[in-house]
Amino acid sequence: MAVFPPYEPNERAYDLGAHPVVTQQGWAGGAMRFRTGGVRVGILLRLTFRSLVAAAATQIADHYATQLSSGEPFQLTDATLSDSRFWVYEDTPAETHFSGGLVDMTVTLRSVR
């Protein structure tokens, strides 16, 4: 199983997703909503890494390329986020390169289970 590279982000931002819900029409014409699970789905996690050395940024970019081709969910290390969920990339990591070989990188992940 693949694991995200063990780097601690400078920032973590969450979109907590929602509980799975099914909506059906009620007998009086109104909408009835039923929760179909107790675990939130579709959680988005944005990790911001500042001033990474080029080798660390390359390792994250390589992980993205490998996971994109395999389609397999992965877990995060405790350094990144102590969590037991499985994640996939929501979008391509964004990179900003600076002199001295430093890189700022933002990675957006989506929970899948």
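A nonpolar surface patch is built from residues with over 30% relative accessible area and no salt bridge, with nonpolar side chains (Val, Leu, Ile, Met, Phe, Trp, Tyr) joined within 5 Å. A salt bridge here is a side-chain nitrogen of Lys or Arg within 4 Å of a carboxyl oxygen of Asp or Glu, and accessible areas come from the Shrake-Rupley method with a 1.4 Å probe. By that recipe, Val-22, Met-32 and Phe-34 make a nonpolar surface patch of about 240 Å².

This is a predicted model, where local features need pLDDT of at least 70, side-chain atom pairs count only at pLDDT 80 or more, and totals for chains, interfaces and linings use all residues. Residues are numbered from 1 along each chain as its sequence is written, and side-chain values use heavy atoms, with hydrogens and water left out.

**On the surface**

- Val-22, one of the patch residues, sits in strand 2 (residues 21-25); strands (E, at least two residues) and helices (H or I, at least four) are DSSP runs numbered from the N terminus.
- With a relative accessible area of 34%, Val-22 is partly exposed, a label for values between buried (under 20%) and exposed (over 50%), using a 1.4 Å probe and protein chains only.

**Aromatic pairs**

- The whole structure holds four aromatic pairs, meaning rings of Phe, Tyr and Trp (its six-membered ring) with centres within 6.5 Å; planes under 30 degrees apart are stacked, over 60 edge-to-face, and the rest tilted.
- One of them is Phe-4 with Phe-74, a stacked pair at 6.3 Å centre to centre and 20° between the planes.
- Phe-4 comes in the segment before strand 1 (11-15) and Phe-74 in the loop between helix 1 (54-70) and strand 5 (87-89), so this pair ties together parts 70 residues apart in sequence.
- Both ends are tucked away: Phe-4 is buried at 1% relative accessible area, and Phe-74 is buried at 0%.
- Tyr-64 and Tyr-89 go edge-to-face, 5.0 Å centre to centre with 85° between the planes.
- Tyr-64 belongs to helix 1 and Tyr-89 to strand 5, so their pairing ties together parts 25 residues apart in sequence, and both tyrosines are buried.
- Ring pairs join Phe-4, Phe-49, Tyr-64, Phe-74 and Tyr-89 into a cluster.

**The nonpolar core**

- A nonpolar core is a set of buried Ala, Val, Leu, Ile, Met, Phe, Trp, Tyr and Cys residues joined through side-chain atoms within 4.5 Å.
- The largest one has 19 residues, and Phe-4, Leu-76, Trp-87, Val-107 and Leu-109 touch the most other members.
- Strand 4 (44-53), helix 1, strand 5 and strand 7 (102-111) each give two or more residues to this core.
- Beyond its neighbours within four places in sequence, Val-107 is in contact (heavy atoms within 4.5 Å) with residues including Phe-4, Phe-49, Ile-60 and Tyr-89.

**Strands 4 and 7**

- Leu-52 lies in strand 4 and is buried, with a relative accessible area of 10%.
- Leu-52 and Leu-102 are 50 residues apart in sequence, yet 5.4 Å apart in space, C-alpha to C-alpha.
- Leaving aside neighbours within four places in sequence, the contacts of Leu-52 include Ala-57, Ile-60, Leu-102 and Met-105.
- Ser-51 is also in strand 4; Ser-51 has a positive phi of about 55° although it is not a glycine, and it is partly exposed at 49%.
- Ser-111 lies in strand 7 and is buried at 8% relative accessibility.
- Outside its neighbours within four places in sequence, Ser-111 is in contact with Gly-42, Ile-43, Arg-85, Phe-86 and Trp-87.

Methods
Patches are made of residues with over 30% relative accessible area and no salt bridge: like charges are joined within 9 Å, nonpolar side chains (Val, Leu, Ile, Met, Phe, Trp, Tyr) within 5 Å.
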